[in-house]
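These are my notebook entries on a single chain, written as I went through it with the sequence and the coordinates side by side. I began with charged pairs and then moved on to other places.

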Amino acid sequence: MAPKLVSAMSVVIACLVALAFLFESSHAAGGATYNVVSYGARGDGKTDSTKAFLRAWSAACFSSRSATVYVPRGTFLLKPVVFSGPCRSSRIVFQMGAGTSTTLVAPSNYWELGNTGNWILFIKVTGLSIYGGTVDARGAGYWHCKRYGKSCTAGARSVSLFWCSNVVVSGLRTLNSQTMHMAIDHSNNVHVKNVWIRAPSGSPNTDGIHIEASTGITITASTIMTGDDCISLGSGARNVWIERIACGPGHGISIGSLGGSVNEDGVQNVTVTSSVFTKTQNGVRIKSWARASNGFARNIVYRNLIMKNVGNPIIIDQKYCPGNKGCPRQSSGVKISKVTYKNIRGSSGTQVAMNFYCSPSNPCWGIKLQDIRLTYGKKAATSSCANIGGSKSGVIIPRSCF
């Protein structure tokens with residue numbers, strides 16, 4: 001064999017050996033990667049890729065080391081899908097391309113999500129990270145059905161975390177959910193950051209993020225524009241930190257509705273800080289059904305908030321009873337206490353900028369107002385109180401009614 005040819009072959013072999021070594025090193029250091037395309041997914045927006053995603057997830061879940069489910073550029077059609085644990089791998093990354101480069105879309109016919117209640121569900125997974133990507137539930141057809149009172153399915157949440165722990169969701173965009181965009185239920189230690197959530201202001205029940213029966217939940221640096229609450233907290237939400245949220249349009253950030261049942265867990269240790277509300281129906285709201293319950297909301301802090309033409313900047317509503325059904329002539333059993341409002345300023349869209357209607361049988365107590373400045377156009381803003389006690393300090397505009 002010619003010397004030059006032998007030399008060239010030696011170089012090629014040496015390069016291949018080096019590449020193999022680098023690959024194995026990277027593979028070992030970063031864990032195994034499972035590309036959904038390798039399992040049959042097609043990013044054409046038309047081919048059903050549900051089974052391919054599940055195959056990639058199963059391989060990652062059973063990996064003996066950290067694993068990544070990788071979704072490359074493209075538009076992938078998914079029907080209702082459940083990514084189940086517990087997993088052998090202690091850390092699973094669900095990696096999608098940034099922004100709209102990778103999009104997961106629901107079927108165009110909303111009936112195909114059926115009555116599952118969830119479109120993309122992660123259940124019993126520990127050590128999960130979801131990065132990037134866009135999920136578009138294409139909910140307009142479902143909203144139309146609900147708006148005109150037709151026979152509709154139950155509707156589906158877009159991204160749900162049930163019985164999960166040690167979770168990070170970062171850089172996700174979620175659009176046009178049939179109902180809630182993200183649901184966190186019976187989960188612990190979840191950090192949602194830099195997410196962008198969008199649905200038309202008239203879309204029904206399209207909450208941005210709903211938290212229930214979960215502890216150690218942090219939501220930061222996110223923009224939420226929906227037809228319902230930007231963030232809602234249900235029974236059993238504890239140790240929740242919400243910071244740097246741009247909320248609006250929507251119904252604000254709400255605790256409740258609480259008191260839906262006689263025996264339910266309460267909400268406690270919640271902080272909402274450094275956030276801006278723009279043309280929302282409410283700012284910060286606590287609401288409960290006007291009926292018997294052993295629920296509660298306590299140790300709540302609202303601070304450093306800006307209201308821009310917000311309908312009800314500060315509100316406690318314990319007479320919630322839509323249609324006057326299920327609670328006539330009853331008062332709320334939910335006990336609200338130790339709620340602090342500090343450094344809240346801006347403009348109200350209604351004259352009553354602070355509205356506190358607490359339960360006649362369980363008055364609110366330990367309510368604190370500090371440095372509140374809320375205006376109402378060229379008129380003086382007012383406050384309204386019922387069954388409430390607390391304290392105030394600093395400048396309070398409008399004047400406190402307790």
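Entry 1, an acidic residue and its partner. I looked up D317 in this predicted model and found that D317 counts as buried, at 17% relative accessibility, since the cut-off for that class is under 20%. D317 forms a salt bridge with K319, and I read 3.9 Å between the closest N and O atoms. K319 itself, at 47% relative accessibility, counts as partly exposed, so I noted the pair as one buried acid with one partly exposed base.

Entry 2, further salt bridges. I asked how many salt bridges the rule gives, and the count came to 5. Side chains of opposite charge can pair when their charged atoms come close. Among the pairs I checked was K79 with E112, whose side chains meet at 3.5 Å, N to O. Here K79 sits in the loop between β4 (74-77) and β5 (81-84), while E112 sits in the loop between β7 (102-105) and β8 (118-123), so the pair ties together parts that are 33 residues apart in sequence. I then looked up the accessibility of each partner: K79 is partly exposed, with a relative accessible area of 32%, and E112 also counts as partly exposed, at 36%. I also recorded R42 and D44, whose side chains meet in a salt bridge at 3.9 Å, N to O, with D44 partly exposed at a relative accessible area of 35%.

Entry 3, charge over the chain. I noted 41 positive and 15 negative side chains, and the centres of the two sets lie 5 Å apart.

Entry 4, helix α3. Which residues of helix α3 (residues 140-147) are buried? I found Y142, W143 and C145. They cover an arc of only 160° around the axis, which puts them on the same side of α3. I followed the chain onward to G149, which comes after α3 and has a positive phi, near 65°.

Entry 5, a serine in a strand. I turned to S275, which lies in strand β22 (residues 267-278), and asked whether S275 is buried or exposed. S275 is buried, with a relative accessible area of 1%. Leaving aside residues up to four places away in sequence, I listed its contacts as E243, R244, I245, N304, L305 and I306. I also took the separation of S275 from N35, which is 240 residues away in sequence, and found 38 Å from C-alpha to C-alpha.

Entry 6, an isoleucine in strand β30. I396 is found in β30 (residues 388-397), and I noted it as buried, with a relative accessible area of 14%. With residues up to four places away in sequence left out, I396 touches M354, L369, Q370, D371 and I372. The C-alpha atoms of I396 and D136, 260 residues apart along the chain, are separated by 43 Å.

Entry 7, the whole chain. I closed with the overall values, starting with the 3 helices and 30 strands in the chain. The C-alpha trace spans about 100 × 50 × 40 Å along its principal axes. Of the 402 residues, 51% count as buried, and the chain exposes about 17,400 Å², of which carbon and sulfur atoms supply 53%. Finally, I noted that among contacts between residues at least 6 apart in sequence, 76% join residues at least 24 apart.

Key: Residues numbered from 1 in each chain as written. Predicted model: local features only at pLDDT ≥ 70, side-chain atom pairs only at ≥ 80, totals over all residues. Heavy atoms only, no water. Helix = DSSP H or I, 4+ residues; strand = E, 2+ residues; numbered from the N terminus. Buried < 20%, exposed > 50% of the residue type's maximum accessible area, 1.4 Å probe, protein only. Contact = heavy atoms within 4.5 Å. Areas by Shrake-Rupley, 256 points an atom, 1.4 Å probe, with all protein chains shown as cover. Lys, Arg positive; Asp, Glu negative; His and termini not counted. Charge placed at Lys NZ, Arg CZ, Asp CG, Glu CD. Arc of directions from axis to C-beta. Salt bridge = Lys/Arg side-chain N within 4 Å of Asp/Glu carboxyl O.
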